[in-house]
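Subject: Structure handover

Hello,

I am passing this structure on to you. Please open it before reading on.

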Amino acid sequence: MRKKIVAGNWKMNMDLGEGVALATSINKQLITEPPDGKEVILCTPAIHLSIVGPLLNAPGLSTGAQNCNDHRSGAYTGEISAAMIKSTGASSVIIGHSERRSYYGEDDELLAAKTAEALYNGLRVIFCCGEVLAEREKNIHFDVVRRQLSKALFVLPREDFIRCIIAYEPVWAIGTGVTASPAQAQEMHFFIRSLVREKYGDETAEDTTILYGGSCKASNAAELFANPDVDGGLIGGASLVREEFLNIVKAL
Ligand code: PGA
């Protein structure tokens with residue numbers, strides 16, 4: 001049975017005090033109203049992880065990072081390794097977010113290396129894929145997503161792949177207020193699951209969690225999550241607002 005997950009991607013928001021306040025308040029609410037077998041992951045700025053992580057004890061609640069380096073350790077000034085992230089108690093790391101791909105030039109090859117490094121260190125990978133608007137308009141969005149997954153994820157043996165969560169995030173929907181329609185999300189998620197099936201077989205495909213991301217908020221979460229192949233969300237802006245985020249968790 002695949003896991004249902006809501007992950008908050010805080011991006012470069014919240015100083016430490018604000019982050020601690022938000023995370024502890026979410027934790028408190030999830031103790032009162034446990035998310036019932038579902039998982040909630042707070043992907044905070046990396047510098048918050050060692051403080052925020054130990055404060056969380058609600059069932060199913062954990063922390064994650066938003067990026068990691070592709071090297072194990074060494075002279076990479078300013079970088080953060082997967083081992084460091086793991087040592088804070090974090091469960092997961094986002095790899096391949098479109099902002100990393102576009103602002104920092106992260107390509108498929110680098111993302112494959114980061115994914116391998118994260119898995120080596122026992123982290124789960126939340127692997128992001130998704131097309132830009134021009135690609136959808138040219139009707140090549142399926143090809144784009146197939147390439148992104150083939151190059152960085154489908155190179156993994158099955159025992160590693162099953163520790164990955166896929167997040168479909170159409171770039172035109174991220175932070176824009178324009179959400180993919182439930183039908184557009186379902187169509188792509190169904191396609192992604194069929195790619196997983198082709199590569200790893202039926203059981204793995206059925207067990208793979210596929211999240212939707214891109215302007216997902218409390219008001220549209222339920223209709224997105226109602227789709228059979230949408231197993232939760234990767235939430236940016238709305239994860240910074242306690243009530244919004246908790247209502248998205250409830251919608252799941
Ligand atoms: P958004 O971001 O919810 O603010 O659109 C989602 C993401 O980038 O993960």
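Below is what was found in it, starting with the barrel and ending with the ligand.

One caution first. This is a predicted model.

The barrel

Eight strands form the fold to look at. They make a closed barrel of 8 strands, in the order E1-E2-E3-E4-E5-E6-E7-E8. The pairing is parallel. Neighbouring strands of this sheet are turned by 25° against each other on average, direction ignored.

Start with strand E3, residues 61-65. E3 pairs with E4 in the parallel sense, over 2 bridges. Here Ala65 of E3 stands opposite Val93 in E4.

Move on to strand E4, residues 92-95. E4 and E5 are also parallel partners, with 4 bridges between them. Across this pair, Ile94 stands opposite Ile126 in E5.

Then comes strand E6, residues 164-168. E6 runs parallel to E5, and 5 bridges join the two. Val125 stands opposite Cys164 in E6.

Strand E5

E5 deserves a separate look. Is this strand enclosed or open to the outside? Of its 6 residues (124-129), 6 are buried, so E5 is largely enclosed by the rest of the structure.

In a regular strand, side chains alternate between the two faces of the sheet. Check both faces of E5. On one side sit Arg124, Ile126 and Cys128, and they are all buried. On the other side sit Val125, Phe127 and Cys129, and they are all buried too. Both faces are therefore covered, in line with a strand largely enclosed by the rest of the structure. Note that Arg124 is on the buried list.

Two of these residues have already come up. Ile126 stands opposite Ile94, and Val125 stands opposite Cys164.

The ligand

Now turn to the ligand. Which residues are closest to it? They are Lys11, His97, Glu169, Gly175 and Ser215, out of 13 residues that surround the ligand. That shell divides into 4 nonpolar, 7 polar and 2 charged residues.

Three distances are worth displaying:

- Lys11: an N or O atom of its side chain is 2.7 Å from an oxygen atom of the ligand.
- His97: an N or O atom of its side chain is 2.6 Å from an oxygen atom of the ligand.
- Gly236: a polar backbone atom is 2.9 Å from an oxygen atom of the ligand.

How much of the ligand does the protein cover? On its own, the ligand has 280 Å² of accessible area, and the protein covers 94% of that.

Over to you.

Note on methods. Residues are numbered from 1 along each chain as its sequence is written. This is a predicted model: local features need pLDDT of at least 70, side-chain atom pairs count only at pLDDT 80 or more; totals for chains, interfaces and linings use all residues. Side-chain values use heavy atoms; hydrogens and water are left out. A residue is near a molecule or strand if one of its heavy atoms lies within 4 Å of it. A polar contact is a pair of N or O atoms within 3.5 Å; within protein, one must be able to donate a hydrogen and the other to accept it, and residues adjacent in sequence count only if both atoms are side-chain atoms. Accessible areas come from the Shrake-Rupley method with a 1.4 Å probe; for residues, only the protein chains shown count as cover. Ala, Val, Leu, Ile, Met, Phe, Trp, Tyr, Cys and Pro count as nonpolar, Asp, Glu, Lys and Arg as charged, and the others, Gly among them, as polar. Buried means under 20% relative accessible area, exposed over 50%, partly exposed in between (1.4 Å probe, protein chains only). Two strands pair if DSSP finds at least two bridges between them. Axes are lines fitted to C-alpha atoms, for helices over the stretch in contact, and angles run from 0 to 180 degrees between N-to-C directions.
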